[in-house]
Amino acid sequence: MSRTVKIISWNVNGVRSAHKKGLLDWIKIESPDILCIQETKAHEAQLAPELAAPEGYFAYWCSAQRKGYSGVAVFSKEKPLHVSMSLGSERFDSEGRLIRLDFEHFILFNVYFPNGGMGPERLQFKMDFYDAFLEMLQELRKTHARLVIVGDVNTAHNEIDIARPKQNVKTSGFLPIERAWMDKFVGHGYVDTFRKRFPDTVQYTWWDMKSGARQRNIGWRLDYVFVTEEMAHCAGEPFASPDVMGSDHCPVGIILELE
């Protein structure tokens with residue numbers, strides 16, 4: 001029997017702030033089967049009980065050691081078979097950037113990739129994180145072909161994914177080295193579901209709030225839903241929701257059609 005699974009990914013830029021702006025009401029309306037959030041900027045103990053474990057969901061939190069920084073969480077209506085939160089290195093794991101959930105028909109990764117814009121050391125950290133993540137996926141794929149990867153990748157892949165490409169060729173998030181890694185990632189058989197379905201559609205997912213860029217739609221597409229080629233036939237309609245406010249990012253998602 002086939003069934004659908006609605007997965008939404010959203011960088012909320014502070015989950016406590018998003019809570020005050022109506023996050024839980026939005027979840028009730030959207031009713032995703034799985035919600036992956038990034039940049040939570042909170043530890044579970046700091047959260048109101050209804051936010052730490054929303055009604056109807058199993059909740060998993062991975063927080064950075066540093067308070068008020070980074071962090072990811074997943075809310076799932078179905079209890080996963082297994083959950084892990086490690087990239088295999090304390091250097092990366094201390095920043096709380098990854099949750100892996102194993103379900104019967106696929107393995108899901110919710111990832112908040114690093115920002116490389118704070119100097120050469122952070123750019124190197126970002127590239128090292130990219131490489132370690134891809135290496136882990138490639139090893140996993142030897143035994144588990146059906147993978148879904150969602151999150152804020154912090155790079156606009158191609159010129160169509162950024163409003164002002166020429167002005168940002170020296171800006172982290174659109175550097176040649178970052179875009180080359182995206183090429184390599186896709187080249188290894190990870191399908192950008194939105195771009196596959198909408199090859200010519202201009203759709204941004206992040207806007208600089210300080211400059212009022214959202215009102216003018218001067219944005220970047222930084223948030224993605226990838227599936228392995230082995231799962232591409234399960235990838236139903238991908239979507240972005242730029243009208244949903246509450247963060248400098250908007251939600252993105254997909255409806256998986258499972259056999």
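In this predicted model, Leu137 touches Phe109, Leu147, Ile149, Phe185 and Tyr190, with residues up to four places away in sequence left out of the list. Apart from the core described next lies another one, of 25 residues, which includes Val72, Tyr112, Val148 and Val227.

Leu137 is also one of the residues that touch the most other members of the largest nonpolar core, which has 26 residues. The others named in this respect are Phe109, Val111, Phe133, Ile149, Phe185 and Phe226. At least two residues of this core come from each of β7 (107-112), α5 (120-140), β8 (147-152), α6 (176-187) and β12 (223-228). The greatest contribution is that of α5, which provides nine residues.

Several of these elements belong to, or pack on, a sheet. Six strands form an open sheet in the order β5-β6-β7-β8-β12-β9, and their pairing is mixed. At its edges stand β5 (82-84) and β9 (190-192), each of which pairs on one side only. From one strand to the next, the twist averages 20°. Within this sheet, β8 and β12 run antiparallel and are joined by five bridges. Asp152 has Asp223, in β12, opposite to it. Helix α5 packs on the sheet and touches β6 (98-102), β7, β8 and β9. The direction of α5 makes about 180° with that of β7. Helix α6 likewise packs on the sheet, where β9 and β12 are touched; the angle between the directions of α6 and β12 is about 30°.

A further open sheet of six strands follows the order β3-β4-β2-β1-β14-β13, again with mixed pairing. Its edge strands are β3 (58-62) and β13 (235-240), and each of them pairs on one side only. With direction ignored, neighbouring strands here are turned by 15° against each other on average. An antiparallel pairing over four bridges links β13 to β14 (252-258). Phe239 has Gly253, a residue of β14, as its bridge partner. Helix α2 (23-30) packs on this sheet and touches β1 (3-11), β2 (34-38) and β4 (72-76). Between the directions of α2 and β1 the angle is about 160°.

Notes:
Residues numbered from 1 in each chain as written. Predicted model: local features only at pLDDT ≥ 70, side-chain atom pairs only at ≥ 80, totals over all residues. Heavy atoms only, no water. Core = buried A, V, L, I, M, F, W, Y, C linked by side-chain atoms within 4.5 Å. Buried < 20%, exposed > 50% of the residue type's maximum accessible area, 1.4 Å probe, protein only. Contact = heavy atoms within 4.5 Å. Pairing = 2+ DSSP bridges. Axes fitted to C-alpha atoms, helices over the stretch in contact; angles between N-to-C directions.
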